[in-house]
Amino acid sequence: MCYVINSSSHSYLISQINRVLQEGKLTATEEKYFLDAMLCYQPITQEELMGITEIFSKLQSGKLQLIE
């Protein structure tokens, strides 16, 4: 399922990025959501891209925990 753009999708995506970065935890479902947002044909903002990139960077470095 691809990320869908509507009037509230930007603020929702940013709020999810901020929550994950603040909590330091990410579920597999959230991981897929962020991947979909980056890889689908729908454009995302620079702010969203930077936030998602930060999430995956922290996940790779072990600073963010993948939970079930």
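**Salt bridges, helix α3 and the core**

Glu54 and Lys58 both lie in helix α3, four residues apart, or about one turn of the helix. Their side chains meet in a salt bridge, with N and O 3.5 Å apart. Glu54 is partly exposed, at a relative accessible area of 34%. Lys58 also counts as partly exposed, at 28% relative accessibility. The model is predicted, and every value here is computed from it.

The count of salt bridges comes to four. One of them joins Glu30 to Arg19, with the closest N and O atoms 2.2 Å apart. Glu30 lies in helix α2 and Arg19 in helix α1, so this pair ties together parts that are 11 residues apart in sequence. Glu30 counts as buried, because its relative accessibility is 16% and the cut-off for buried is under 20%. Arg19 is partly exposed, with a relative accessible area of 23%. Apart from neighbours within four places in sequence, Glu30 is in contact with Gln16, Arg19, Val20 and Lys25. Salt bridges that share partners join Arg19, Glu23 and Glu30 into one network.

Another salt bridge links the side chains of Lys32 and Asp36, at 3.0 Å from N to O. These residues are four apart in helix α2, so about one helical turn separates them. Lys32 is partly exposed, with a relative accessible area of 43%. Asp36, at 17% relative accessibility, counts as buried.

Helix α3 covers residues 46-61. At 1.5 Å a residue, its 16 residues should span 22 Å. The end C-alpha atoms are 22 Å apart, which agrees with that expectation. Within α3, Glu48, Gly51, Ile52, Ile55, Phe56 and Leu59 are buried. These residues cover an arc of only 130 degrees around the axis, so they lie on the same side of α3. On the other side of α3, Gln46, Met50 and Gln60 are exposed. The buried residues of α3 are covered by elements including α1, β1 (25-27), α2 and β2 (65-67). Leu59 gives an example of such surroundings. Leaving aside neighbours within four places in sequence, Leu59 is in contact with Leu26, Glu31, Leu64, Gln65 and Leu66. Just after α3, Gly62 takes a positive phi of about 85 degrees.

The largest nonpolar core has 12 residues. Among them are Ile52, Ile55, Phe56 and Leu59, which are also buried residues of α3. The other members are Leu13, Ile14, Ile17, Val20, Leu26, Phe34, Ala37 and Leu64. Helices α1, α2 and α3 each supply at least two residues of this core.

Two aromatic pairs were found in a search of the whole structure. In one of them, the rings of Tyr12 and Tyr33 have their centres 6.1 Å apart. The ring planes stand at 80 degrees, so the pair is edge-to-face. This pair links distant parts of the chain, with the two positions 21 residues apart in sequence numbering. Tyr12 belongs to helix α1 (residues 9-23), and Tyr33 to helix α2 (residues 28-39). Tyr12 is partly exposed, with a relative accessible area of 44%. Tyr33 is partly exposed too, at 25%. Together with Phe34, these two tyrosines form one aromatic cluster. Phe34 is also a member of the largest nonpolar core.

Notes:
Residues are numbered from 1 along each chain as its sequence is written. This is a predicted model: local features need pLDDT of at least 70, side-chain atom pairs count only at pLDDT 80 or more; totals for chains, interfaces and linings use all residues. Side-chain values use heavy atoms; hydrogens and water are left out. Rings of Phe, Tyr and Trp (its six-membered ring) pair if their centres lie within 6.5 Å; planes under 30 degrees apart count as stacked, over 60 as edge-to-face and the rest as tilted. Buried means under 20% relative accessible area, exposed over 50%, partly exposed in between (1.4 Å probe, protein chains only). The expected span of a helix is 1.5 Å times one less than its number of residues. The arc is that of the directions from the helix axis to the C-beta atoms. Contact means heavy atoms within 4.5 Å. A nonpolar core is a set of buried Ala, Val, Leu, Ile, Met, Phe, Trp, Tyr and Cys residues joined through side-chain atoms within 4.5 Å.
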